[in-house]
Structure formats: C-alpha cells, structure tokens
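Let's take a walk through this structure together, starting with the empty spaces inside and working out to the backbone. Have the model open so you can click along.

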Amino acid sequence: MSQHPLQLSRRAVLQSAGALIIGVCLPVRGVFGQAREAAKLFAPNAFVRVGADNTVTVIVKQIEFGQGPFTGLATLVAEEMDADWSMVRAEHAPADEKIYNNLLMGPVQITGGSTSIANSFEQMRRAGAMARTMLVQAAANSWKVPANEITVENGVIRHAKSRREGRFGEFAAAAAILQAPDPQTLTLKDPAVFKLIGKDDGSVKRLDSVAKSDGTALFAMDIREPGMVVAVVAHPPRFGARVASVDGTQARAVPGVVDIKQVPSGVAVYARTTWPAIRARELLKITWDESAAEKRGSEQIIELYRALAQKPGVLAAEHGDPQTALAGDGVIEAEFVLPYLAQSPMEPLDGYLRWDPQGAQARYGCQLQTADQQAIAKVLGLPAERVAIETLFAGGSFGRRAQHDQQFAVELAEVAKAIGPGRPVKLVWTREDDIRGGYYRPIFVHRLRGVVRDGKIAAWSNTVVGQSFIVGTPFESFGYKDGLDSLMVEGANELPYEIPNFHCDAHIADVGVPTLWWRSVGHTHTAFVVEAFVDELLQAAGKDPVAGRLEMMGKAPREAGVLRAVAALAKWNGPGPVNGRAGGVAVVKSFNSYVAQIAEVSIGDGGVPRVHKVWCAIDCGVAVNPDVIRSQMEGGIGYGVGHALFGEITLDEGRVVQSNFDTYRSLRIHEMPEIEVTIVPSTEKPTGVGEPGVPPAAPAVANALARLPGRARPRRLPLSRSDVA
C-alpha cells in the first residue's frame, strides 16, 4: 500500500477501466434552510462509474454502518439509469466535502441526522439520469440513429427499428468522452413508472449483506499491514484528569510490546498485536492529576438539576396564558429523570493511520469525514488535502463515530505522531474503553405541570434541565442561540397537540462529563417525557390514549395518519389490561418522519417489564427501500426498548460504574419483542429512517406499564430500576 494519499485522475481511471464516470453537484441547503449555491461541476470519479464489464458502481458519500445508504443511494441511481440491479455495486466515497457534502447540512461531508436518503434523493437520481443520457448518446452515435428512438431496460440499450442492442459496458468508454449534460436540465422519472424505488418483492437486495455475511467486508479491525503496530491508550478514570507521572517498566517487559508514549489523552502502549498491548496497559503505573476532574456522582447531578427545575429557564416556546391557567387548583405535576446513556455500538472505536511529512492515509469507519480530516491534519501539521480518509464499514455508531471534537480522530493522529512517521498504527478501543470513555447522551430532568378541564388538556408547562449537546463545540452555531440549545428541547417546544396554554423553558447545566448526540438526539428524552405526560393527562381526563390524541391533532395530519395506521394494525381496543397485558401508545415526529407505536407489555420474572409485541407505523415520504425501512424500525425499536428497560450509565464520585454488556445491560435475543411495521404511503420527499424508530419505543412501553394493576406511572428510566415500579 502506498504511504501517500491516493490521487485519482479522470485519465487514470479511464485508462484502467474503460469506464464512464459521472459526477453531479446540486445547491447546498444548510441545517436551518439557508441556501448555499454550489458551482455546477463535472467531477471525475464522483458518483457513478460504469465499467466495461457492465457493472454500475455507485460512489456513496455516506458511511454504511447498517442503516442502508449503500442500497438506498444505489437504488436511486439505478432507477434513473434503468440498470440491471444484479450488476449494481456500491463503495464509499473518499473524503472531499467539495464534492460529497451533505446537502442538508452545509459544506461538510457527514452522515447524521437521518439525512442519507433525504439529502441525496434528487442528487443521486440526477447522477443516474446523466449516466443514462450519456450512454444512450454514445449508442446513438455508434449506431447513427436518433437518441430519442433508443430505449433502456434492465441494463440493455435498444434501438427497436434497427434491432440493435447492447449493454452498458459496450458504450462506457465512448460515453466517457462526451460532454456531460447539465443535470438540472434532465427530466427525472415519473414515480408512477418506478421499477426499483419502492419495490417490496425482495428483488432489490441489500448491497452490503453478502460481504458482511461471508466475512469479505473490510472493517478497521481487519487491517493488517507490514510493520504495523497496535496501540491502546490508558485513559484517566475521571473526566478532566491528566497524567501526572507514569512508570512503564513492567509494561515494557511484556513480550511483543514495542513502545510506550504519553499522549494528550493518556498513555499509549504500542505492540505488535492487540493482546500484548492490552496486557501491558494493565501493568502501567500511572499517577493522575485530578485537580480539574469531575468528581460528582449521578445522584448529585440529578439533585442539582432538580433544584434548577424549580426555577424558570430560558424560554423555548410559549403561547396562550399558561401562568394564569396553571395558577389555580387541579394542577398535575410530574418529574421525569433520564440517565446518561452510551451509544455502545457492537464495534468499538478503531482505526488505522500511516503518515509521513508528505501526507497521511487513515482507514476506519468515519462518520464525519470533513472534520476528522481537518483534525488529523492539524495534529500532524499537514494541509487537510494531504490527508486521505478511506471510509470503511463500521459495526454501528448511533452517534458515537460523529464526535463534535473529533476525539477518536485526534487520538488516532496523536498516537501515530508519537510513534513517528512511516510507521503504520492501528488504534484499538476495547468495549470497556468505549463505555467508560464518555460522550454520553446527557442526564436530563424535566419538571412538568398540566391542567385538565372539561375533559381536555387546558395547560402545559415543561422545564428541561441538562447538559447541552453542542455548547462549546464547532456545532454551536447550528443550534445554540441566546442561551438555548435547540437540540435539548426539540420535540418538547412544539407539540403535535392543540393545547391552548403552553410553556417550555430550559436550563443548560455545567457538568464535566463529555456528552454527545445519541440515536435520535434530543428526541431521546423529550419523546419519553411528552408522550408519557400526555398519556397521564388523557387518563386523568378519562380519554382513550388513541382517541384522546387524535382529538388534539387537528393541525398535525401526518401524526394523526400514523396513529390511525398503527391503531388499525394493532386492532386497538383500548389499553386494557387483558390477561395480564396492557397496551401503550406513543407518536413522535423526528427528522421530518412520523412514527407511531403501540407496545403490549406485562410484568415478567423478577418484576422486570416484558415487552411482547410492538406495532409500528411510519410515514417517511417516498419509501425508497421498504425492506430497509422496516429493518431500521425493527432495529430502532429493539434499541429503544433495550435502553428503556436497562440502559443507564452511572457515576460514582465521577467514575463510570459500567464497563461492558454485563453491566451496561442491553436487550437480549429472547427479550426482543415481535414487531410488525406498516409504511404509510406518501408522495412527499423521503425523510429519515435511521433514528425515528427509537423515540416512541420507551414511552409506548411506559404507558403500557402504567395501565397494569399496582404499577405507578414510570417517571424515571430505566424501567427495570427497583425504584421505578
């Protein structure tokens, strides 16, 4: 492998493959809708590569870590090309924000916010249409016939009058030298004639499944290079601590150990393979300077938040006269407490880096290429364009691989820098490193007050307290303004329910525990609180959980649509209980998608809730790959239910108690509920599916538990805690 970044040119690719290569750039739209005009450009090796062997390779700018962009983005291209799906392939794009920027997040290459399909829906279709147009024109030139007389079907180009036909590969080289058309002038298919988009008969199979099943898929942990060393880092046991001194005498004596270096994040141990590095790390004698460390425990933090919740915070939203409406009798109050949560992907953080003064090459499951590229460059003293990132498959993320301070990318560069240029390094985090390594979904405390009058919810007030997701990070400008973090209150400051008197405010707490977005970001906590409290107020009003919600959804037709759909799917006949089982309801809009769920729950062994079945309805606009959508709902529900029942990171005097899946409990196979999903038909543009399945799961389960005899309404997660019942 070259030790310098790979530089591809159009000439080199054409000479090696005889390929047609397509690029298309569309205007960029930022997170908050600001239009940014991007120059139209024909970008070699950008989005579509048609080989002489008839293969169509789609270059995917989003990382594939299980959420389906390889299949989804390839489907968009193949649809407009009329390609043969059996000949379609996908591969990760290089790091280049000028070409591969996320069109919904601005000039940055990133996978996040459930935007993979949403930001690329038109772009990738136009790339496919461009490729088709150029192939057709090449065939027309070869056959000396009008291009408008040529048809394309399943990868075959035909001219019926002359009875000529050929496959894509025959015309790829000729098409590659044609002038590329302006993608904006191309006519895209009418959805009525789609053959791949929305197909639900099993013919559009996932492009990453076979390689992941037969072991040929490459993950960072699989990398083996001549002369490569494996590094692990000893991190401080408390957040904010630093190395005061280190004695590595015993560690150096472990066979296979190559070196020990102090780095900004701790002490790095280098060895020829992973196990000696881990073993040697255990023998390090480190004295930590904890003068600036966070030493409070979880309960102390919660008590601080409870006190703050009694005071008005920064206003997030208000209408009507909630102060007057809440000043009288009959106010229902509730406090909700939600713990720190780790993302806990099955593959912990790991990555490879090789560098010298001319450039660097990194290889790992990279979720935020632009920022990681810049971070690595800064550490190594290189221009960002001399840092190549090869994005590999990753075993999950849930936000962990998109760190706002590039924690892992920086550490990878630091350990490589410390060992010196020309020496390839693979940095490995164990699961214990990952679970104890911080960057959690924050603890949140909500103080709710509501009033029911004449059978209706008349007033609502919510005070939110927790750490910010983005204050003090490069993302601060995207959601922090005038003391309010919009991500903290998303889903709480605007409800789908018509409540005449409404108030929401928030406090940002200063705690020294690193935090990060977790699958569904702010909706991870606001959905639970809002849907649980709505359910409580509806019960006080004597209303059915489904009918009562629908009565308040006059201005939320898509929320009402999924709620009706899931009620029909589950044959809803009230919450019960019936035969020891009760039903709970939740409906949440997140990432511009609408999801409603009904959970059937009982009390299992040891008093732990048992979730038997979850029905789910989703409206995510055009359903590009229905099977992928169902899979994401199923995975999201399993993730949400598991964390609702068991998920909790606790601090004891600043030290993380949990360390692996034995103590950071997850949902086990025999505990996975049966899941039934319906996709609501829609002609709206596609929206997110990677995260929206998570938020309704916890409140649906909690609302079911509240209907069982002898159970109080759950107001603290996880639900398996002894103090929740």
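A quick definition before we start: a cavity here is a set of grid points where a 1.4 Å probe fits but cannot get out, and its lining residues have an atom within 4 Å of a point. Keep in mind as well that this is a predicted model.

With that in hand, go to the second largest cavity, which holds about 80 Å³ of space. Its lining is made up of Leu-349, Asp-350, Tyr-364, Gly-365, Asp-372, Arg-400, Arg-401, Gln-403, Phe-408 and Ala-409. Sorted by type, that lining comes to 4 nonpolar, 2 polar and 4 charged residues.

Now for the largest cavity, with about 120 Å³ of space. Its lining has 13 residues, and the closest to the centre are Leu-341, Trp-518, Thr-524, Ala-698 and Leu-717. Here the split is 8 nonpolar, 4 polar and 1 charged. Helix α18 (residues 626-646) gives the largest share of this lining, with 3 residues. Counting cavities of 30 Å³ or more, the structure has 4.

Two names from the second cavity's lining, Phe-408 and Ala-409, lead us to our next stop, helix α12. This helix covers residues 407-419, and its 13 residues reach 19 Å from first C-alpha to last, close to the 18 Å expected at 1.5 Å a residue. How many of the 13 residues of α12 are buried? The count is 10, so the helix is largely enclosed by the rest of the structure. Phe-408 and Ala-409 are both on the buried list, together with Gln-407, Glu-411, Leu-412, Ala-413, Glu-414, Val-415, Ala-416 and Ile-419. Just after α12 comes Gly-420, with a positive phi of about 105°.

Next, take a look at helix α9, residues 298-309. It has 12 residues and reaches 16 Å from its first C-alpha to its last, close to the 16 Å expected at 1.5 Å a residue. Its buried residues include Ser-298, Ile-301, Ile-302, Tyr-305 and Ala-309. They cover an arc of only 100° around the axis, which puts them on the same side of α9.

On to the cysteines. A disulfide is a covalent bond between the sulfur atoms of two cysteines. How many disulfides does the model have? The count is 0. Take Cys-616: its closest cysteine sulfur is in Cys-620, 10.0 Å away, and that is too far for a bond, because a disulfide needs the two sulfur atoms within 2.5 Å. Cys-616 is also buried, at 0% relative accessibility. Another one to click on is Cys-366, which is buried with a relative accessible area of 0%.

Now some backbone details. Most residues other than glycine have a negative phi, and most peptide bonds are trans. With that as background, a few spots deserve a look. Asp-82 is not a glycine, yet it has a positive phi of about 60°. You'll find Asp-82 in the loop between α2 (69-81) and β6 (88-92), and at 10% relative accessibility it counts as buried. Asn-579 is also not a glycine and has a positive phi, about 55°. This one lies in the loop between α17 and β26. Is Asn-579 buried or exposed? At 77% relative accessibility, Asn-579 counts as exposed.

Stay in that loop for a moment. Pro-577 is placed there too, between α17 (557-569) and β26 (582-590), and the peptide bond joining Gly-576 and Pro-577 is cis, with omega about 15°. There is also a cis bond from Leu-717 to Pro-718, with omega near 5°. Leu-717 should ring a bell from the lining of the largest cavity, while Pro-718 is found in the segment after α19 (697-705).

Finally, two pairs to compare along the chain and through space. Pro-322, in helix α10 (residues 322-325), is buried at 1% relative accessibility. Pro-322 and Ala-506 are 184 residues apart along the chain, with 16 Å between their C-alpha atoms. Thr-287, in strand β14 (residues 285-289), is partly exposed, with a relative accessible area of 43%. Thr-287 and Lys-205 are 82 residues apart in sequence, and their C-alpha atoms are 54 Å apart in space.

Technical notes
Residues are numbered from 1 along each chain as its sequence is written. This is a predicted model: local features need pLDDT of at least 70, side-chain atom pairs count only at pLDDT 80 or more; totals for chains, interfaces and linings use all residues. Side-chain values use heavy atoms; hydrogens and water are left out. On a 1 Å grid over the protein atoms alone, a cavity is a set of points where a 1.4 Å probe fits but cannot get out, and a pocket is an open set with protein on both sides within 12 Å along at least five of seven lines; lining residues have an atom within 4 Å of a point. Grid points are joined across faces, edges and corners, and a volume is the space filled by probe spheres set on the points. Helices (H or I, at least four residues) and strands (E, at least two) are DSSP runs, numbered from the N terminus. Ala, Val, Leu, Ile, Met, Phe, Trp, Tyr, Cys and Pro count as nonpolar, Asp, Glu, Lys and Arg as charged, and the others, Gly among them, as polar. Buried means under 20% relative accessible area, exposed over 50%, partly exposed in between (1.4 Å probe, protein chains only). The expected span of a helix is 1.5 Å times one less than its number of residues. The arc is that of the directions from the helix axis to the C-beta atoms.
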